[in-house]
Amino acid sequence: MPQMPDNSRTKLLYTAATEGEAQMLVDHLASFEITASAQGGTLSFARGDIPLTQQTLPQVWVFERDYTDAMQVLDAWVQEAVDQEPGEDWTCVSCGEKVEGVFDQCWNCGGARPADAEEDQAT
Ligand SMILES: [Zn+2]
């Protein structure tokens with residue numbers, strides 16, 4: 001028998017909360033040339049009186065050979081999502097208006113949020 005590596009084995013990478021999240025992760029992995037597939041969720045189970053469990057949530061599967069790479073991409077992806085949480089209120093450098101952290105632009109003058117908001121910067 002030729003020593004062919006078994007490239008067809010897959011491994012569960014991530015259990016998503018929603019199909020949209022699973023699909024986003026599949027697309028994200030694809031941009032790193034990692035093949036992934038989303039399974040489960042409403043794609044493969046009939047709604048009924050079965051309680052929602054981990055098994056009925058959409059799962060993202062990758063080839064075992066890509067698992068380590070995929071795990072790193074997943075970690076960065078999760079971290080990115082955390083970083084996108086609304087931050088502290090910031091002060092517009094153009095007009096001095098105080099802007100809520102959920103906004104990336106000043107509501108008053110349209111100025112962009114400073115990349116590294118430091119309100120007590122020495123002048
Ligand atoms: Zn402003």
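The following dialogue shows how to read the strands, helices and core of a predicted model.

Q: Which secondary structure elements does the protein chain contain, and in what order do they run from the N terminus?

A: A chain is first read as a list of helices and strands. This predicted model has two helices and five strands. Starting at the N terminus, the order is β-α-β-β-α-β-β.

Q: How are the strands of the open sheet ordered?

A: Strands of a sheet pair through backbone hydrogen bonds, and the pairing is either parallel or antiparallel. Here, an open sheet of three strands has the order β1-β3-β2, and the pairing is antiparallel. β1 and β2 are the edge strands, each pairing on one side only. On average, neighbouring strands in this sheet are turned by 30° against each other, with direction ignored.

Q: Which elements does α1 touch when it packs on the sheet?

A: Helix α1 touches β1, β2 and β3. The direction of α1 makes about 170° with that of β2.

Q: How many bridges join β3 to each of its partners, β1 and β2?

A: Pairing can be followed residue by residue through the bridges. Five bridges join β1 to β3, and four join β2 to β3. On the β1 side, Thr10 has Phe63 as its bridge partner in β3, while Tyr14 has Val60. On the β2 side, the partner of Ala38 is Val60, and that of Gln39 is Gln59. Val60 is thus named as a bridge partner for both Tyr14 and Ala38.

Q: Which residues of β2 lie on its covered face, and which on its uncovered face?

A: A strand may be read by its two faces. In β2, Ala36 and Ala38 form the covered face, whereas Ser37 and Gln39 form the uncovered one.

Q: Which residues touch the most other members of the largest nonpolar core?

A: A core is read by asking which residues it gathers and which elements supply them. The largest nonpolar core has 15 residues, and Leu13, Ala36 and Val60 touch the most other members. At least two residues of this core come from each of β1 (10–15), α1 (19–30), β2 (36–39), β3 (59–63) and α2 (67–83). Helix α1 gives the most, with four residues.

Q: What does Val60 touch, not counting residues up to four places away in sequence?

A: Val60 touches Leu13, Tyr14, Ala16, Ala22, Leu25, Val26, Ala36 and Ala38. Among them are Leu13 and Ala36, the two residues named beside Val60 for touching the most other core members.

Q: Why does Val62 count as buried?

A: Burial is judged by counting neighbours, and a residue is buried if 20 or more other C-beta atoms lie within 10 Å of its own. Val62 counts as buried because it has 25 C-beta neighbours inside 10 Å. This residue is placed in strand β3. Leaving aside neighbours within four places in sequence, the contacts of Val62 include Leu13, Leu29, Ile34, Ala36, Tyr67 and Ala70. The C-alpha atom of Val62 is separated by 6.6 Å from that of Ser37, although the two residues are 25 residues apart along the chain.

Q: What percentage of the residues of the protein chain count as buried?

A: Such totals describe the chain as a whole. Of its 123 residues, 17% count as buried. Among contacts between residues at least 6 apart in sequence, 48% join residues at least 24 apart.

Methods
Residues numbered from 1 in each chain as written. Predicted model: local features only at pLDDT ≥ 70, side-chain atom pairs only at ≥ 80, totals over all residues. Core = buried A, V, L, I, M, F, W, Y, C linked by C-beta atoms within 7 Å. Buried ≥ 20, exposed ≤ 12 C-beta atoms within 10 Å, placed from the backbone. Contact = placed C-beta atoms within 7 Å. Pairing = 2+ DSSP bridges. Axes fitted to C-alpha atoms, helices over the stretch in contact; angles between N-to-C directions.
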